[in-house]
Amino acid sequence: MSSFNLDNYIRKVPDFPKKGILFYDITSILASPEAFLYCVDRMAEIYKDRDINAVAAIEARGFLFAAPFAIRLGIPLIPIRKKGKLPGVTLSKKYDLEYAQAEIEVHSADVPRGKRVLLTDDLIATGGTLNAARSLLVEGGAEVPEIFGVVGLPFLNYKKVLDPTPVTTLLDYQSE
Ligand code: AMP
């Protein structure tokens, strides 16, 4: 199990979605039941004894890993979505992208007050999206003791942005 090489299952696409970006595509993990199971098994192994009460995930690729993980641990899944997608009463947060602003939302009724929520996404780049998501959950009254990404790009300094929350990834790429 520990010798499994997840890197073999991540498609690298140069110049996507724009020139100069190396895109790490996790759909090739989903296409391999072995690699997908490896990721969910590892997540369960890491967090099963850490007193996590719920898992939150970012639309859309984050959902793919958090959903089987939530079922495996028997905990609620809290979807964090782009603005305008959730029908109920929401908390929302605007944040800056490179050249624009984005906004994410969560159903306020889904945020468990005083509970420990693991915040997840498929890939952590600058950490900007997860930082905004963490603010939403904290505003809703939850604790966010840990953040998880399947893939991390530490050269983009996400640890600084997400400090002091500990961040765990299954695989890091050191530079583009
Ligand atoms: P960020 O807020 O910069 O951490 O990244 C926001 C989202 O963009 C993450 O959910 C990733 O799925 C996606 N993303 C950013 N950079 C890349 C990349 N180089 N390859 C694949 N996905 C990326």
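Here are some exercises with worked solutions on a predicted model of a protein with a ligand.

**Exercise 1. Around the ligand**

Find out how many residues surround the ligand, and which ones are closest.

Solution.
- Step 1: Start with the neighbourhood. The ligand has 14 residues around it, and the closest are Arg 61, Asp 121, Thr 126, Gly 127 and Thr 129.
- Step 2: Now look for polar side-chain atoms facing oxygen atoms of the ligand. Arg 61 has one at 2.9 Å from a ligand oxygen.
- Step 3: Try Asp 122 next. An N or O atom of the Asp 122 side chain is 2.9 Å from an oxygen atom of the ligand.
- Step 4: Finish with Thr 129, where the distance from a polar side-chain atom to a ligand oxygen is 2.6 Å.
- Step 5: Ask how much of the ligand is covered. On its own the ligand has 490 Å² of accessible area, and the protein covers 80% of that.

**Exercise 2. A pair of strands**

Work out in which sense strands E5 and E6 pair, and over how many bridges.

Solution.
- Step 1: Locate the strands. E5 takes in residues 90-96, and E6 takes in residues 101-107.
- Step 2: Check the direction. The two pair in the antiparallel sense, over seven bridges.
- Step 3: Pick out one bridge. Asp 96 has Gln 101, in E6, as its partner.
- Step 4: Look at the link. Four residues sit between E5 and E6, and the two strands form a hairpin.

**Exercise 3. Two helices**

Compare the reach of H3 and of H4 with what is expected for each, then list the buried residues.

Solution.
- Step 1: Take H3, which runs over residues 61-73. Its 13 residues reach 19 Å from the first C-alpha to the last, close to the expected 18 Å.
- Step 2: Find what is buried in H3. You should get Gly 62, Phe 65, Ala 66, Phe 69 and Ala 70.
- Step 3: See what those buried residues pack against. The partners are the helices H1 and H2, along with the strands E3, E4, E7 and E8.
- Step 4: Move just past the end of H3. There Gly 74 takes a positive phi of about 70 degrees.
- Step 5: Turn to H4, residues 128-139. This helix has 12 residues and reaches 17 Å, close to the 16 Å expected.
- Step 6: List the buried residues of H4: Leu 130, Ala 132, Ala 133, Arg 134, Leu 136 and Leu 137.
- Step 7: Look just after H4, where Gly 141 has a positive phi of about 100 degrees.

**Exercise 4. Thr 169 and Tyr 158**

Decide whether Thr 169 is buried or exposed, do likewise for Tyr 158, and trace their contacts.

Solution.
- Step 1: Place Thr 169. This residue belongs to strand E9, residues 167-172.
- Step 2: Check its accessibility. Buried means under 20% relative accessible area, and Thr 169 counts as buried because its value is 19%.
- Step 3: Look at its side chain, which makes a polar contact of 2.7 Å with the side chain of Asp 172.
- Step 4: Go through its contacts, leaving out residues up to four places away in sequence. Thr 169 touches Ile 124, Gly 149, Val 150, Val 151, Gly 152 and Tyr 158.
- Step 5: Follow that last contact. Tyr 158 lies in helix H5, residues 158-162, and its relative accessibility is 1%, so it counts as buried.
- Step 6: With sequence neighbours up to four places away left out again, the residues that Tyr 158 touches include Ala 125, Thr 126, Gly 127, Leu 153 and Asp 172.

**Exercise 5. Backbone surprises**

Which peptide bonds are cis, and where do Asp 15 and Asn 157 sit?

Solution.
- Step 1: Go to the bond from Phe 16 to Pro 17. This bond is cis, with omega near -5 degrees, and Pro 17 is in the loop between E1 and E2.
- Step 2: Check the bond from Glu 59 to Ala 60, also cis, with omega near -10 degrees. Ala 60 sits in the loop between E3 and H3.
- Step 3: Look at Asp 15, found in the loop between E1 and E2. Though not a glycine, Asp 15 has a positive phi, near 60 degrees. Its relative accessible area is 40%, so Asp 15 is partly exposed.
- Step 4: End with Asn 157, in the loop between E8 and H5. Asn 157 is not a glycine either, yet its phi is positive, at about 65 degrees. With 48% relative accessibility, Asn 157 counts as partly exposed.

Key. Residues are numbered from 1 along each chain as its sequence is written. Side-chain values use heavy atoms; hydrogens and water are left out. Two strands pair if DSSP finds at least two bridges between them. The expected span of a helix is 1.5 Å times one less than its number of residues. Buried means under 20% relative accessible area, exposed over 50%, partly exposed in between (1.4 Å probe, protein chains only). A residue is near a molecule or strand if one of its heavy atoms lies within 4 Å of it. A polar contact is a pair of N or O atoms within 3.5 Å; within protein, one must be able to donate a hydrogen and the other to accept it, and residues adjacent in sequence count only if both atoms are side-chain atoms. Accessible areas come from the Shrake-Rupley method with a 1.4 Å probe; for residues, only the protein chains shown count as cover. Contact means heavy atoms within 4.5 Å.
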